[in-house]
Amino acid sequence: MKRSVYALIPLLLALLFNVTPAVSATVPIRPIDAILMHLSHYPSESEIASLQQIVDNTDATAGERTLAGAMMRFSHHVSDRDLLKLETLKQSKSASADEKELADIIMHVAHHPSNRDRQRLQQLLQ
């Protein structure tokens with residue numbers, strides 16, 4: 001419980017001083033995770049619209065935009081072009097661990113995420 005309270009202190013200070021916390025860069029990853037968690041062959045039109053918002057978001061990281069773009073174009077599997085981009089993202093020193101993990105999951109999905117992929121996605125969503 002104490003750890004939870006201490007974890008909130010930086011966020012509260014950021015809100016108090018109207019500073020955007022560093023963790024806000026990872027917010028776009030959650031919708032990507034959620035879309036992938038329930039993916040069946042390809043994203044729906046509304047999911048593609050959500051992903052497009054991430055791609056267009058200037059506050060999103062390059063990794064987040066790469067992930068969202070790959071998911072927008074996902075049809076039964078990731079395209080060869082996006083596969084190269086995701087591999088580059090996985091090797092990037094500037095990408096977050098969550099971005100690298102999500103890139104790895106997307107690269108290996110065929111039609112829908114496996115049970116193991118869903119477990120990995122669930123960990124990212126927590």
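The legends below describe close-up views of a predicted model.

**Figure 1. Overview of the predicted chain and its seven helices.** The secondary structure consists of seven helices and zero strands. Along the sequence, the order of elements reads α-α-α-α-α-α-α. The chain has 126 residues, of which 33% count as buried. Among the contacts with a separation of 6 or more, 55% are between residues 24 or more positions apart.

**Figure 2. Packing of helix α2 against helix α3.** Helix α2 covers residues 29–37 and helix α3 covers residues 45–56. Their axes lie 10 Å apart, and the packing angle is about 155 degrees. Angles over 145 degrees count as roughly antiparallel, and α2 is therefore roughly antiparallel to α3. The crossing of the pair is left-handed. On the α2 side, the contact is made by Pro 31, Ile 32 and Ile 35. These residues meet Glu 47, Ser 50, Leu 51 and Ile 54 of α3. By class, the residues of this contact are five nonpolar, one polar and one charged.

**Figure 3. Packing of helix α3 against helix α4.** The axes of α3 and α4 come within 8 Å and cross at roughly 155 degrees. With that angle, α3 is roughly antiparallel to α4. The crossing of α3 and α4 is left-handed. From α3, the contributing residues are Ile 48, Leu 51, Gln 52, Ile 54 and Val 55. Their partners in α4 are Glu 64, Arg 65, Ala 68, Gly 69, Met 71 and Met 72. The contact of α3 with α4 comprises seven nonpolar, two polar and two charged residues. Leu 51 and Ile 54 of α3 take part in this contact and also in the contact with α2.

**Figure 4. The loop between α2 and α3, with His 41.** His 41 is found in the loop that joins α2 to α3. Its phi is positive, at about 80 degrees, although the residue is not a glycine. Most residues other than glycine have a negative phi. The relative accessibility of His 41 is 29%, so this residue counts as partly exposed.

**Figure 5. The loop between α4 and α5, with His 76.** Helix α4 (62–72) and helix α5 (80–91) are linked by the loop in which His 76 is found. The phi of His 76 is near 75 degrees, a positive value in a residue other than glycine. With a relative accessible area of 30%, His 76 is partly exposed.

**Figure 6. Buried and exposed residues of helix α7.** Helix α7 spans residues 115–125, and its buried residues are Asp 117, Arg 120, Leu 121 and Leu 124. The four cover an arc of only 100 degrees around the axis, which puts them on the same side of α7. An α-helix has 3.6 residues a turn, so residues three or four places apart point the same way. Asn 115 and Gln 123 are exposed on the other side of α7. The cover over the buried residues of α7 includes α2 and α6 (97–108).

**Figure 7. Arg 120 of α7 and its surroundings.** Arg 120 is found in helix α7. Its relative accessible area is 14%, and because the limit for buried residues is 20%, Arg 120 is classed as buried. Leaving out residues up to four places away in sequence, Arg 120 touches Glu 101, Asp 104 and Ile 105. Arg 120 and Glu 101 are 19 residues apart along the chain, and their C-alpha atoms are separated by 8.2 Å.

**Figure 8. Glu 101 of α6 and its surroundings.** Glu 101 has its place in helix α6. This residue is partly exposed, with a relative accessible area of 27%. Apart from residues up to four places away in sequence, Glu 101 touches Arg 120 and Leu 124. Both of these contact partners are among the buried residues of α7. Leu 121, also buried in α7, is 20 residues from Glu 101 in sequence, with a C-alpha to C-alpha distance of 8.8 Å.

How values were computed:
Residues are numbered from 1 along each chain as its sequence is written. This is a predicted model: local features need pLDDT of at least 70, side-chain atom pairs count only at pLDDT 80 or more; totals for chains, interfaces and linings use all residues. Side-chain values use heavy atoms; hydrogens and water are left out. Axes are lines fitted to C-alpha atoms, for helices over the stretch in contact, and angles run from 0 to 180 degrees between N-to-C directions. Helices (H or I, at least four residues) and strands (E, at least two) are DSSP runs, numbered from the N terminus. Angles under 35 degrees count as roughly parallel, over 145 as roughly antiparallel, 65 to 115 as roughly perpendicular and the rest as oblique. A crossing is left-handed if the near helix is turned anticlockwise from the far one by less than a right angle, and right-handed if clockwise. Contact means heavy atoms within 4.5 Å. Ala, Val, Leu, Ile, Met, Phe, Trp, Tyr, Cys and Pro count as nonpolar, Asp, Glu, Lys and Arg as charged, and the others, Gly among them, as polar. Buried means under 20% relative accessible area, exposed over 50%, partly exposed in between (1.4 Å probe, protein chains only). The arc is that of the directions from the helix axis to the C-beta atoms.
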